[in-house]
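Here are my notes after going through the model you sent. I've kept them as numbered points so you can follow along on screen.

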Amino acid sequence: MPETDLVFQSARDLASMLQQRQISAREVMSAHYDQIERVNPTINAIVSGLPREAALDLADAADAIGPGPDQPLFGLPIAFKDLEDAVGFPNTAGSPIYKDFRPEVDSAIVERLRQAGVIPIGKTNVPEFGLGSHTYNPVFGPTRNPWNLDRTAGGSSGGAAAAVATGMLPLADGSDMGGSLRNPGNFNSVVGLRPSPGLVPKSPSGAPWLPLSVKGPIARTVSDVAFFLSAMAGFTARDQLSYEVDTAAFAGSLATETKGLRIAWCPDLGGLPVDPGVRAVVDGSRSAFEALGCEIEDAAPDFTNADRIFKDLRAFSLASMAPVLREHRDLLKPEAIWNIEQGLRLSTENVMNAMAQQGELYHRVRAFMERFDAFACVVNQVPPFPVETAWPAEIDGVQMETYIDWMKSAYFVTVTRLPAISVPAGFTPDGLPVGIQIVGRYRGDLDLLKLAHAVEQAINLPNNRPPAAS
């Protein structure tokens, strides 16, 4: 198989060939390193990478032992998000404060993926401390969009999404608080799933009882996202919110009957500003749902207080960084300083109100979802913006007040605690990727994946491979 075909092979098929010894881990590693050497100097998605020969030695060692009985990801190269503790690699979090920090214990997701048989080769680039959906930091610099090098790859899993889009990795892990799996999936024309809180273990965590941030998968197709999720998901005592689930179901067939599924169509979630180019692509994807026989109704959940809920609970969680602010203020970007200080200014009453309002919003959306199997909306309200821009200051003539306001279409969904997925839907007239966000029922991750798979097949994007991948 030609190397270019190998690195763009589906992860399911690649894993199957490795399991059956039709191809060696060394061949897979060599092909991906060739792609990394061609592409990464321009994209800057993979950081803290192993030297080629060290990675090939790991592949040789894997080949000598062969796949274990519970190693569905045997032999697949991976670079963990640079917010994860992974023994043998720095965890810089994109900050000069931690550029030399080397953890002594793996995070829960890294531990699980190692057990599943991956071969770690490095980390993927992130914004400083993962804050903001634009991957740039003073340690490694920006990750560029492989569809247009002058644009952002999104974030905070921007390095992960760009690496997968360009064939440098078959799969990538990520995390999502305000859209950090969905936004870069959208900006790079790959698939990013925000799973239900607790489905994928999260440890260590500074706020283990506050399920705003989740871990999840990025891949080039919905099928590969589901396959990767089957190795990520499930209970561990390391995460007190994790729960038991039939993980094998995610690795099975995603075929489903879509005729008669009830879809609420709300591109702007009831009135958010949306770039006209983005709106046009999302509006155009409605025909894919119609072709599947879905029953579509123009309707949106009631997102009253969603903005305040998210901002207060996010700031509350960031207040745990107060010691970092005190000791290293001069090394933090202005947005990080602002958000931490917002958290420190919150009163107990502010936090309790946010939690109570989240409960009310959850029950409003739960009642809404009794009428619908899913709702569909934009992922990002804007297309990928210039890489030199810290964050969009306005959308369709509406001014943004903070560095996260442009992400409302993602973080409004976060506070519902429903699973959500970004599926490539098309391109703006100037060739920038646009995805559609599909949101499922509470803990309905498998049903959501099946619907998303059907929509992906109905949209059937041709030539969904970025120019920078060549």
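1. Let's start with helix 12, which is mostly covered: eleven of its 13 residues are buried. Bear in mind as you read that this is a predicted model. The buried set is made up of A306, D307, I309, F310, K311, D312, L313, R314, A315, S317 and L318. Note that charged-looking letters such as D307, K311, D312 and R314 are on that buried list too.

2. What do the buried residues of helix 12 pack against? Four other helices: helix 13 (322–328), helix 14 (334–345), helix 15 (348–369) and helix 16 (408–414). As for its own geometry, helix 12 covers residues 306–318 and reaches 18 Å from first C-alpha to last, close to the 18 Å expected at 1.5 Å a residue.

3. Next, the sheet. It is an open one of eight strands, in the order 6-8-7-14-15-11-9-10, and the pairing is mixed. Strand 6 (172–176) and strand 10 (295–298) are the edge strands, each pairing on one side only. On average, neighbouring strands here are turned by 30° against each other, direction ignored.

4. If you want one strand pair to look at, try strand 9 (residues 262–265) with strand 11 (residues 374–378): they pair in the parallel sense over three bridges. To find your place, look for A264, which stands opposite F375 in strand 11.

5. Two helices lie across part of this sheet. Helix 6 (residues 158–165) lies across strand 6 and strand 8 (214–219), running at about 20° to strand 8. Helix 8 (residues 222–232) lies across strand 6, strand 7 (191–194), strand 8 and strand 14 (420–427), and its angle to strand 8 is about 140°.

6. Last stop: S133, in the loop between strand 3 (119–124) and strand 4 (144–145). Is S133 buried or exposed? Buried, because its relative accessibility is 1%, and the cut-off for buried is under 20%.

7. What does the side chain of S133 meet in the way of polar atoms? One of its polar atoms lies 2.4 Å from the backbone oxygen of G155, and a polar contact of 2.9 Å joins the S133 side chain to that of N183. Leaving aside neighbours within four places in sequence, the residues in contact with S133 are G154, G155, S156, G179, N183, W406 and M407. So G155 and N183 turn up in that contact list as well.

Conventions. Residues are numbered from 1 along each chain as its sequence is written. This is a predicted model: local features need pLDDT of at least 70, side-chain atom pairs count only at pLDDT 80 or more; totals for chains, interfaces and linings use all residues. Side-chain values use heavy atoms; hydrogens and water are left out. The expected span of a helix is 1.5 Å times one less than its number of residues. Buried means under 20% relative accessible area, exposed over 50%, partly exposed in between (1.4 Å probe, protein chains only). Contact means heavy atoms within 4.5 Å. Two strands pair if DSSP finds at least two bridges between them. Axes are lines fitted to C-alpha atoms, for helices over the stretch in contact, and angles run from 0 to 180 degrees between N-to-C directions. A polar contact is a pair of N or O atoms within 3.5 Å; within protein, one must be able to donate a hydrogen and the other to accept it, and residues adjacent in sequence count only if both atoms are side-chain atoms.
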